[in-house]
Amino acid sequence: WVVMRDHTVHGGNILKNVSFFHEIVPMVRGHHERYDGKGYPDSLSGAQIPLGAQIIAIADAYDTLIHDRPYKKAMPPREAAGRLIKDSGTHFHPRVAEAFARVMAKELKEVVGEEAVEAPPATAPQGPQIREELELERDGN
């Protein structure tokens, strides 16, 4: 477990000397950080976690949940999406989870023909506005 947790650091180290990947190093390193600060490798919390890392985290978690692993069976997409939304505010940034919910509600409706997860109201901030809010939050404004 300890060795596995180092994959975020090793991934960042592999990419940091390649100028083309310079901007994504913090995303790779931070994709297992948690909104509540209980993640790894740096125990970052809230807006300290790069937005890209937060997006990768929720996508990675969803992918893990919907596929079989040696240690667990896959969850149905609807159940997996609901579980990630439930983890909003602890594991995932609430705004990123809201954006995920909107995308998944539409995507799963097309796949299964019904509302799969409850999408936030249409007045919720969209992509660039979420980024702006997260940057203001990070800067303490």
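Helices here are DSSP runs of H or I, at least four residues long, numbered from the N terminus. Keep that in mind for every element I name, and for every loop between two of them. One caution before we start: this is a predicted model.

Overview, then. The protein chain has 7 helices and 0 strands. Along the sequence the pattern reads α-α-α-α-α-α-α. There are 141 residues in the protein chain, and 31% of them are buried. Now take the contacts in the chain with a separation of 6 or more: residues 24 or more positions apart account for 45% of them.

Let's go to the N-terminal part. Helix α2 covers residues 7-15. Which residues of α2 are buried? They are T8, G11, G12 and L15. Those residues sit on the same side of α2, because they cover an arc of only 95° around the axis. The general point helps here. An α-helix has 3.6 residues a turn, so residues three or four places apart point the same way. What covers the buried residues of α2? The cover includes α1, residues 2-5, and α3, residues 25-30.

Look at T8 in particular. T8 belongs to α2. T8 counts as buried because its relative accessibility is 0%, and buried means under 20%. Leaving out neighbours within four places in sequence, T8 contacts V28, R29, H31, H32, Y40 and P41. From T8 to V25 there are 17 residues along the chain, and their C-alpha atoms are separated by 9.4 Å.

The next residue I want is V9, also placed in helix α2. V9 touches R29 and P41, again not counting residues up to four places away in sequence. R29 and P41 are on the T8 list too. V9 and D42 are 33 residues apart along the chain, with 9.6 Å between their C-alpha atoms.

That brings us to P41. Where is P41? P41 lies in the loop between α3 and α4. The peptide bond joining Y40 and P41 is cis, with omega about 15°. The loop between α3 and α4 also holds S43. S43 has a positive phi, near 55°, and S43 is not a glycine. For background: most residues other than glycine have a negative phi, and most peptide bonds are trans. Is S43 buried or exposed? Neither label fits: S43 is partly exposed, at 46% relative accessible area.

Next, a helix pair. Two packed helices are described by the angle between their axes and the distance between the axes. Take α4, residues 51-66, and α5, residues 77-86. Their axes come within 9 Å and cross at roughly 140°. The crossing of α4 and α5 is right-handed. Which residues meet? From α4 we have I58, A61, Y62, L65 and I66. From α5 we have P77, A80, A81, R83 and L84. The residues of this contact divide into 9 nonpolar, no polar and 1 charged.

Stay with α5. Its buried residues include A80, A81 and L84. A80, A81 and L84 lie on the same side of α5, because they cover an arc of only 100° around the axis. A80, A81 and L84 also appear among the α5 residues that meet α4.

Back in α4, consider T64. T64 is 16 residues from A80 in sequence, and 9.2 Å from A80 in space, C-alpha to C-alpha. Which residues does T64 touch, not counting those up to four places away in sequence? R69, Y71 and K72. With R69 there is a polar contact, side chain to side chain, at 3.3 Å.

Last stop: H91. H91 lies in the loop between α5 and α6, where α6 is residues 94-112. H91 counts as partly exposed, at 26% relative accessibility. Setting aside neighbours within four places in sequence, H91 contacts E33, R34 and Y35. H91 and K38 are 53 residues apart in sequence, yet 8.1 Å apart in space, C-alpha to C-alpha.

To recap. The chain has 7 helices and 0 strands. T8 in α2 contacts both Y40 and P41, the pair joined by the cis peptide bond. And α4 crosses α5 at roughly 140°, with a right-handed crossing. That's the tour.

Notes. Residues are numbered from 1 along each chain as its sequence is written. This is a predicted model: local features need pLDDT of at least 70, side-chain atom pairs count only at pLDDT 80 or more; totals for chains, interfaces and linings use all residues. Side-chain values use heavy atoms; hydrogens and water are left out. Buried means under 20% relative accessible area, exposed over 50%, partly exposed in between (1.4 Å probe, protein chains only). Helices (H or I, at least four residues) and strands (E, at least two) are DSSP runs, numbered from the N terminus. The arc is that of the directions from the helix axis to the C-beta atoms. Contact means heavy atoms within 4.5 Å. Axes are lines fitted to C-alpha atoms, for helices over the stretch in contact, and angles run from 0 to 180 degrees between N-to-C directions. A crossing is left-handed if the near helix is turned anticlockwise from the far one by less than a right angle, and right-handed if clockwise. Ala, Val, Leu, Ile, Met, Phe, Trp, Tyr, Cys and Pro count as nonpolar, Asp, Glu, Lys and Arg as charged, and the others, Gly among them, as polar. A polar contact is a pair of N or O atoms within 3.5 Å; within protein, one must be able to donate a hydrogen and the other to accept it, and residues adjacent in sequence count only if both atoms are side-chain atoms.
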